[in-house]
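Please look over the sequence and structure shown here before reading the briefing.

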Amino acid sequence: MSSPPSEKRPSPEALLRQAKREERGQLKIFLGAAPGVGKTYAMLSEGAMLKREGEDVVVAVVETHGRAETGALLDGMEIVPRREVEYCGHRLTEMDIDAVLRRRPALALVDEYAHTNVEGSRHPKRWQDVEELLNAGIDVYTTLNIQHVESLNDIVASFTRVRVRETVPDSVFEAAEIKLVDLPPDELIDRLKDGKVYVPQEASRALGHFFSKPNLSALREMALRRAALSVDRQMLHDLDAGGVAGTYAAGERILVAISEQPGADALVRTAKRLADGLNAPWTAVHIETPRSRSFDEEAQRRVAAALALAATLGATIATIPAENVIAGLKGQIEAQRATQLIIGRSQRSWWFEIRHGSVVESLIRGSQDLAIHVIPSPEVAAIDSGWSAWTRGWGKPESYGAAALLVAVTTLLAKFAEPVIGRGAIDLIYLVPVIFTATLYGLRPGLFASVAAALAFNFFFLDPVHTFTIAEPQSVLTMLVLTGVAAVTANLAGRLRTRAQIGVRSALENAALASFAQTLARASDLETTATATCEEVTRLLGVRAVVMTEQDGLLRPVVARPAGAQISPIDQAAAEWSWTSGEPAGRGTNTLLASDWQFHPLKTGLGVLAILGIARDDDRDPISADKAALLATLVGQAALAHERLRLEDEMRGLSVLEERDRLRAALLSSIGHDLRTPLTGVTAAIEALAGEHPDAAALPVARAEVSRLRRFLDNLVELVRLDAGGVRLNLELVDLTDIVAGAVHDLKAMLRGHHIDFQVPAGLPLVRADPRLLHHIILNLLANAIQHGGNAGPIAIIGRRTHDSVTLTVRDHGDGLEPGTERTIFETFAQGKGGDRHGGSGLGLAIAKGFADALDLDIAAANHPDGGAAFTLTFPEALIAGAVDPA
């Protein structure tokens with residue numbers, strides 16, 4: 001299938017990508033399957049080698065994690081000092097991007113590509129810092145684990161049970177060079193056992209969870225596949241930019257050819273299975289030839305349905321105009337450098353193959369580096385390839401009448417011109433009606449005109465005149481030449497007309513779609529977008545159109561063209577079914593066919609955003625088969641426009657919420673800090689009075705209220721820290737028995753008179769948590785039980801070990817929770833029964849929920865069957881001794 005290199009021109013798109021890449025710095029990603037495979041070591045080794053060779057290399061940021069062999073590579077390297085950031089009472093360091101830009105090295109080494117920067121940094125993510133360095137023309141080497149790739153995040157979490165929060169978008173791989181740092185699972189496990197990845201205590205737990213051999217094998221396979229995909233894509237870009245021909249089957253690329261014959265859906269499903277098995281990209285293509293205009297409506301519908309099915313299964317779809325199927329397929333194979341082709345073979349008649357040739361046989365004979373999968377089509381295909389196919393598409397009788405009239409007019413004019421120009425030039429005049437007829441009406445009327453012209457020339461101008469007899473041998477030759485030239489001319493003119501019509505139709509549709517996209521881009525509200533959608537659909541498809549969205553819980557029309565469209569109860573049912581199912585419904589579909597309208601969901605990753613309905617004034621289906629692909633494109637563009645509106649609304653809402661939260665945080669912070677000083681003075685005054693009047697009856701009450709106010713202020717400060725993201729975790733193994741005992745001790749004054757039912761067995765396994773935050777969670781749960789559990793009511797603290805978790809429950813014997821408030825009780829300032837009576841601030845449970853989320857714990861509230869409320873804290877298996885979260 002390949003052609004000589006000189007015959008393939010460089011791709012303009014590839015040259016443009018290459019030019020843009022040369023304007024920026026070059027990014028190289030050292031990609032690994034898991035922590036500890038040696039990414040940082042490999043990056044530093046290569047950077048040190050380049051520095052020895054005279055390259056200008058600096059270390060922008062590198063994390064050695066205490067590994068001596070990695071730290072040794074920094075000797076002799078120029079290190080750009082990090083900037084210090086004051087954050088929540090701690091001094092943290094981050095990469096100083098401004099210092100690197102001022103230094104402007106040829107190459108910067110930036111470790112941990114997916115790192116999240118400290119709040120207040122110029123960019124929230126380190127990969128965005130790297131983008132700024134690349135835009136400044138600085139080359140960057142960086143490191144990344146495969147679990148940090150955004151598109152793979154869910155897959156990794158599905159088998160590791162670890163949700164990685166720091167991710168990078170897949171788009172960063174587009175222009176990056178990938179270097180895979182690979183280490184077999186057994187060797188990585190040995191490194192863990194030797195303490196080269198984690199300290200020995202953490203390493204033993206890691207081996208039982210994230211770093212198990214099955215997990216490492218799966219991560220390694222994902223890294224290998226992602227690296228191979230990036231290398232294959234880069235190779236294709238380089239080949240296109242250099243104009244190099246050939247398949248270059250380093251990676252599989254699948255092409256499936258869609259025809260009008262029955263069984264096209266089977267081809268699509270076969271291609272999907274093959275693509276999934278090979279983990280390869282695939283494209284479904286239909287070659288539109290002049291013969292496509294003779295397809296009946298059923299054949300056009302089969303093509304549209306097969307392309308729609310391919311799109312839903314994840315393929316790239318395309319309709320390519322070409323002179324014939326063979327030329328079009330060869331062009332697509334070369335353009336996409338496909339390595340495997342799936343094509344159907346129907347039972348064509350011998351007459352069809354004589355006229356059109358065998359596509360399969362031609363491709364097999366001409367293929368070199370292409371694997372061809374031939375799938376037999378159903379036997380019914382043979383019925384459509386014989387005489388019925390040939391007799392279909394002859395055109396309207398009016399075209400043949402016009403051809404006869406043109407020949408008659410030409411004959412009349414030739415009779416008048418014969419005395420002037422002589423009989424010898426008459427035959428050339430008869431080419432004029434043949435060309436006109438073929439150009440205006442197509443190939444077959446043109447062939448009819450050629451036969452009519454030959455007969456007219458014979459009857460009126462060849463001796464003996466007014467007969468069809470030819471007396472002279474040279475006249476026979478003239479007659480044959482005239483017939484042959486006229487037929488060839490009609491053929492060429494007819495084909496050019498068909499190709500021109502296909503080209504004009506494609507150009508008009510593309511121009512209309514481009515204009516539609518620009519109109520939608522300018523729309524700033526739902527009504528404008530719906531109006532543009534309805535008007536464009538009506539203009540291009542010649543149908544009535546309506547856009548419906550959900551308003552006040554009901555699906556209602558927003559805009560209709562023409563205005564005043566009537567939606568009957570059956571139509572409304574079809575629209576609602578399309579809204580809930582996300583599938584087309586109504587006339588011409590497989591659901592609710594009695595509806596006069598056909599409804600299509602405008603669906604994106606956010607779900608179904610609106611419904612587009614189309615209908616005709618007659619009883620025919622709303623959309624013809626040849627317009628199905630155009631409708632699908634219009635629906636897709638309209639869906640994206642509605643998605644943009646939804647995201648813009650959400651962003652505006654988020655801006656309002658962020659401003660409100662900022663003001664609230666500033667107010668709470670101010671209150672929390674400004675009240676500390678007078679509270680300290682009040683405390684000192686109470687203690688002074690206690691020294692003078694130790695038996696005063698008001699002293700216990702004053703001390704209790706001061707203690708409660710101090711906890712309230714502490715809660716305010718902690719709430720501000722939660723909202724600001726300032727909670728820093730110091731995870732370690734803790735004993736729940738000790739944590740609960742410490743919380744009870746700190747609240748001993750409040751708990752006086754309450755019976756504590758302590759059911760936390762000493763044999764519970766250790767859990768991994770931040771002791772300070774966990775202590776604060778239990779303090780707030782106990783304080784809540786005291787406030788809402790009734791005077792001197794018992795409080796139960798229960799710890800249990802289940803098959804996959806450890807739970808800690810704090811239960812009171814009060815009135816319990818109001819029904820339906822089990823979730824809202826954890827919202828800020830939410831109060832349960834008796835909150836005002838007992839002095840509840842509504843902050844304690846919100847802070848407990850926030851700290852629990854920070855620790856990856858689940859906290860839930862419920863009413864106990866025997867009365868009272870129970871708050872349960874759940875530690876998942878990953879946080880129990882024997883498991884570790886490497887993220």
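The points below cover two sheets, a helix, the nonpolar cores and one loop residue.

This is a predicted model, in which local features need pLDDT of at least 70 and side-chain atom pairs count only at pLDDT 80 or more, while totals for chains, interfaces and linings use all residues. Residues are numbered from 1 along each chain as its sequence is written, and side-chain values use heavy atoms, with hydrogens and water left out.

**Antiparallel sheet**

- Five strands, where a strand is a DSSP run of E with at least two residues and a helix a run of H or I with at least four, both numbered from the N terminus, form an open sheet in the order 15-14-18-17-16 with antiparallel pairing; two strands pair if DSSP finds at least two bridges between them.
- The edges are strand 15 (554-561) and strand 16 (585-586), each of which pairs on one side only.
- Strand 16 pairs with strand 17 (residues 598-604) in the antiparallel sense over 2 bridges, and Gly586 stands opposite Gln598 of strand 17.
- Helix 21 (residues 526-541) lies across strand 14 (544-551), strand 15 and strand 18 (607-615), running at about 55 degrees to strand 15, where axes are lines fitted to C-alpha atoms, for helices over the stretch in contact, and angles run from 0 to 180 degrees between N-to-C directions.

**Loop residue Ser595**

- Ser595 lies in the loop between strand 16 and strand 17, and it counts as buried because its relative accessibility is 0%, the classes being buried under 20% relative accessible area, exposed over 50% and partly exposed in between (1.4 Å probe, protein chains only).
- The side chain of Ser595 makes a polar contact with the side chain of Asp571 (2.6 Å); such a contact is a pair of N or O atoms within 3.5 Å, and within protein one must be able to donate a hydrogen and the other to accept it, with residues adjacent in sequence counting only if both atoms are side-chain atoms.
- Leaving aside neighbours within four places in sequence, Ser595 is in contact (heavy atoms within 4.5 Å) with Ile570, Asp571, Ala574, Gly586 and Arg587.

**Mixed sheet**

- Another open sheet has 5 strands in the order 20-22-23-25-24, with mixed pairing.
- Its edge strands are strand 20 (756-759) and strand 24 (858-863).
- Strand 20 pairs with strand 22 (residues 795-801) in the parallel sense over 4 bridges, and Ile795 is the bridge partner of Ile756.

**Nonpolar cores**

- The largest nonpolar core, meaning a set of buried Ala, Val, Leu, Ile, Met, Phe, Trp, Tyr and Cys residues joined through side-chain atoms within 4.5 Å, has 58 residues, and those with the most contacts inside it include Leu27, Tyr113 and Ile146.
- A second, separate core of 43 residues includes Leu747 and Ile859.
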